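Biologist: Hi! I would like a close look at one part of this model before I go back to the bench. Could you walk me through it in plain words, starting from a single side chain and working outwards?

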Amino acid sequence: MPAPERIPPGRLTDAELVTLLAKGRLTVLGQVRGASNAVLYCSVAYEGEETHCVYKPVAGEQPLWDFPDGTLAQREVAAYEVSEATGWGLVPPTVLRDGPYGQGMCQLWIEAEPQGEDDPGLLALVEDEEPGEGWKAVAFAEVGEGRTALLVHADDPRLRRLAVLDAVINNGDRKGGHLLPAPGGRLYGIDHGVTFNADDKLRTLLWGWAGEPLTAEAVAVLDRLAGELEPGAGLVTRLGELVTAAEIEALRARVAALRTTGRHREPSGEWPAIPWPPV
C-alpha cells in the first residue's frame, strides 16, 4: 500500500480537515513536553491523505476545582465551534474522537512561521512608559533587579478579533505561546481547555483594546453570533453536547453584554487579569 500523501498547506478545506481528523488513523509520534496535561503529537491518515495533529486524551487531564463539569477536551472543541460561527477561523480544526488512549481532543497541528529578522512579532517588552506606534500597552512587568518594562502587543486586527473571541468564550488562559502565526498571514489561537466557565475567568495578554469601541466588523459578528445562540439553533445543539446549559446561558450573556456596551472587555478586578506564566 502506498504511503499517504502529506497535505500541502491550503489544499484541503477546513471541513475536509475535520473529516480527516475525525475518521483518520491516529499514530502517536511523540509527546509535547512542558504541558500540564498530556499532549501527544500524532499523524492522522485517511483515504490517502495524511497530516499532523495534536491529540489530548481525557485520561491525561489534571482535574481542576473550578472546571468540575465536562472535560477540557470538550471545551477545546466548543471553542472551535464558536470560532467557526464567527467566521474568523481563529481556532484550528478540532474534533472530539477516540484515540489510542481513549476519547480526547484532536486538533490540526499548526507549524508556526519562524519570526524573521525584520519581524517585530506580536508581543514585546519595551523600556518606554508608553507603547510605540503600532503597539498596544498591556501592563508593566518585573524584569529583574528592581527593573520594570512595559508589556505590549501588536495593534494587529487578527489579535483584535482573538480578543473578542476570548471575551466571548471566557478564555482563562490566553498566553503568548498560544498565538501561532501561520503561512498565508493567518493567526491561530490554541489551548482552549479552560473556557466557557459560567463565572468570569477571562485572563489574557490581549488587553490593549480594553474599553475601546468594538470595530464595525466585530459588532456584525456578535450580532450574527447572538442569532446562532438562540435556543434550538444548530450551534446551541452542538455546544449542548460539550458544555453545560448554565455555561451556554453565560455564553449568551457575554455576547449580549458586548453588544450592549459596544466596547472591548475590561478586567473585572475580581480575578487575575493576566495569565501566569504569560508565555
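With the side chain of which residue does the side chain of Glu81 make a polar contact, and how many Å is that contact?

Modeller: Happy to. Please keep in mind that this is a predicted model. The partner you are after is Arg238: its side chain and that of Glu81 are joined by a polar contact of 2.8 Å.

Now for the setting of that pair. Glu81 is a residue of helix α2, and its relative accessible area is 17%. Because the limit for buried is under 20%, Glu81 counts as buried. If you set aside residues up to four places away in sequence, Glu81 touches Arg238 together with three leucines, Leu235, Leu239 and Leu242. So the charged side chain that you asked about is in a buried residue, and Arg238 is one of the residues it touches.

From here we can follow the helix itself. Helix α2 covers residues 72-86, and one of its packing partners is helix α4, residues 216-228. Two numbers are used to describe a pair of packed helices: the angle between the axes and the distance between them. For α2 and α4 the angle is about 125°, and the axes are 9 Å apart. That angle makes α2 oblique to α4, and the crossing of the two is right-handed. On the α2 side the contact is made by Val82, Ala85 and Thr86, while α4 brings Val221, Arg224, Leu225 and Glu228. Sorted by class, that gives four nonpolar residues, one polar and two charged.

A second partner of α2 is α3. Here the angle is about 130°, with 11 Å between the axes. This again makes α2 oblique, now to α3, and the crossing of α2 and α3 is right-handed. Ala79, Val82, Ser83 and Thr86 of α2 meet Leu165, Val168 and Ile169 of α3. The classes in this contact are five nonpolar, two polar and no charged. Val82 and Thr86 are worth finding on your screen: they take part in the contact with α4, and they also belong to the contact with α3.

If you carry on past the end of α2, you come to Trp88, in the loop between α2 and β5 (94-99). Trp88 is buried, at 15% relative accessibility. Leaving out neighbours within four places in sequence, Trp88 is in contact with Ser83, Arg161, Val164, Glu217, Ala218 and Val221. Two of these we have met already: Ser83 is part of the contact of α2 with α3, and Val221 is part of the contact of α2 with α4. For a sense of distance in the other direction, the C-alpha atoms of Trp88 and Gly48 are 29 Å apart, with the two positions 40 residues apart along the chain.

Helix α4 leads us one step further. With helix α6, residues 245-261, α4 packs at an angle of about 145°, and their axes are 10 Å apart. The crossing of α4 and α6 is left-handed. From α4 the contact takes Leu222, Asp223, Leu225 and Ala226, and from α6 it takes Val255, Leu258 and Arg259. That makes five nonpolar residues, no polar ones and two charged ones. Leu225 is a useful landmark here, as it meets α6 in this contact and is also named in the contact with α2.

In the segment after α6 you will find Gly262. This glycine is partly exposed, at 23% relative accessibility. Beyond residues up to four places away, Gly262 touches Glu212, Pro213 and Leu214.

One last stop, back at α3. Asn170 sits in the loop between α3 and β10, and its phi is near 60°, a positive value in a residue other than glycine. At 1% relative accessibility, Asn170 counts as buried. The loop between α3 (157-169) and β10 (179-181) also holds His178, which is buried with a relative accessible area of 8%.

To return to your starting point: Glu81 in α2 joins its side chain to that of Arg238 at 2.8 Å, and the helix that carries Glu81 packs against α4 and α3.

Definitions and conventions. Residues are numbered from 1 along each chain as its sequence is written. This is a predicted model: local features need pLDDT of at least 70, side-chain atom pairs count only at pLDDT 80 or more; totals for chains, interfaces and linings use all residues. Side-chain values use heavy atoms; hydrogens and water are left out. Axes are lines fitted to C-alpha atoms, for helices over the stretch in contact, and angles run from 0 to 180 degrees between N-to-C directions. Helices (H or I, at least four residues) and strands (E, at least two) are DSSP runs, numbered from the N terminus. Angles under 35 degrees count as roughly parallel, over 145 as roughly antiparallel, 65 to 115 as roughly perpendicular and the rest as oblique. A crossing is left-handed if the near helix is turned anticlockwise from the far one by less than a right angle, and right-handed if clockwise. Contact means heavy atoms within 4.5 Å. Ala, Val, Leu, Ile, Met, Phe, Trp, Tyr, Cys and Pro count as nonpolar, Asp, Glu, Lys and Arg as charged, and the others, Gly among them, as polar. Buried means under 20% relative accessible area, exposed over 50%, partly exposed in between (1.4 Å probe, protein chains only). A polar contact is a pair of N or O atoms within 3.5 Å; within protein, one must be able to donate a hydrogen and the other to accept it, and residues adjacent in sequence count only if both atoms are side-chain atoms.
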